[in-house]
Amino acid sequence: MATHFELAKNNSLETLLHDFKMLREESVAALKNFNLQQDDFTKTAFHPKIFEVNLQQLIATWVTHDLSHLTQISRIMAQQYKSEVGPFEAYLKILK
């Protein structure tokens, strides 16, 4: 399996975003197929490092992880304008 760096180096941003979208849609569809009920979200499992976790925490972590990737994508996309914003760079935290 290719590393994330190899994927990024060998594919366009458009391809990477498309693949991300398709994989996430597949994952969400699989999750929906479980037909989870409210009680299911409090069910727990064992994690080797953080011990007991529940399904609600796991799904919230999944969402937060995706958001962190979207933040990374935004930062990378913003970098292409770094030389064009001139003195406004000082006000654009995303370019730091």
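Hi everyone. Let me start with one residue pair: F46 has E52 as its bridge partner, and E52 sits in strand β2. Please keep in mind that what you see on the screen is a predicted model.

Let's build outwards from that pair. Strand β1 covers residues 44–47 and strand β2 covers residues 51–54. The two strands run antiparallel, and four bridges join them. What connects β1 to β2? A hairpin does, and it takes three residues to get from β1 to β2.

While we are here, have a look at the aromatic rings. How many aromatic pairs does a search of the whole structure find? It finds one. That pair is made by F46 and F51, with 5.9 Å from centre to centre and 55 degrees between the planes, and it is classed as tilted. Are F46 and F51 buried or exposed? F46 has a relative accessible area of 60%, so it counts as exposed. F51 counts as exposed too, because its relative accessible area is 51%, and the cut-off for exposed is over 50%.

F51 has another feature to show you. This residue lies in strand β2, and its phi is positive, near 65 degrees, although F51 is not a glycine. Here is the background: most residues other than glycine have a negative phi.

A second residue with a positive phi is N35, at about 50 degrees, and N35 is not a glycine either. You will find N35 in the loop between α2 and β1. With a relative accessible area of 55%, N35 is exposed.

Now stay in that loop for a moment, since D40 is also placed between α2 and β1. Is D40 buried or exposed? Its relative accessibility is 15%, so D40 counts as buried; the cut-off for buried is under 20%. Setting aside neighbours within four places in sequence, D40 is in contact with N35 and L55.

Let's move over to the helices, beginning with E25 in helix α2. E25 has a relative accessible area of 40%, which means that it is partly exposed. If you trace the chain from E25 to L36, you cover 11 residues in sequence, and the two are 17 Å apart in space, C-alpha to C-alpha.

In helix α3, I would like to point out D66. D66 counts as buried because its relative accessibility is 13%. What does D66 touch? Not counting residues up to four places away in sequence, D66 touches F20 and R24.

That leaves the pockets. The largest pocket has a volume of about 820 Å³. It is lined by 22 residues, and the closest to its centre are H4, L7, L16, F20 and H69. So we meet F20 again: it is touched by D66, and it is also among the residues closest to the centre of this pocket.

Which elements give two or more residues to the lining of the largest pocket? They are α1, residues 4–10, then α2, residues 13–32, and α3, residues 55–79. Among these, α2 gives the most, with eight residues. As for the classes in the lining, there are 12 nonpolar residues, seven polar ones and three charged ones.

To recap, we saw β1 and β2 joined by four bridges, a tilted aromatic pair between F46 and F51, and a largest pocket of about 820 Å³. Thanks for listening!

Conventions: Residues numbered from 1 in each chain as written. Predicted model: local features only at pLDDT ≥ 70, side-chain atom pairs only at ≥ 80, totals over all residues. Heavy atoms only, no water. Pairing = 2+ DSSP bridges. 1 Å grid on protein atoms, 1.4 Å probe; cavity = no way out; pocket = protein on both sides within 12 Å on 5 of 7 lines; lining within 4 Å. Points joined across faces, edges and corners; volume = space filled by probe spheres on them. Nonpolar A, V, L, I, M, F, W, Y, C, P; charged D, E, K, R; others polar. Buried < 20%, exposed > 50% of the residue type's maximum accessible area, 1.4 Å probe, protein only. Contact = heavy atoms within 4.5 Å. Phe/Tyr/Trp six-rings, centres within 6.5 Å; stacked < 30°, edge-to-face > 60°.
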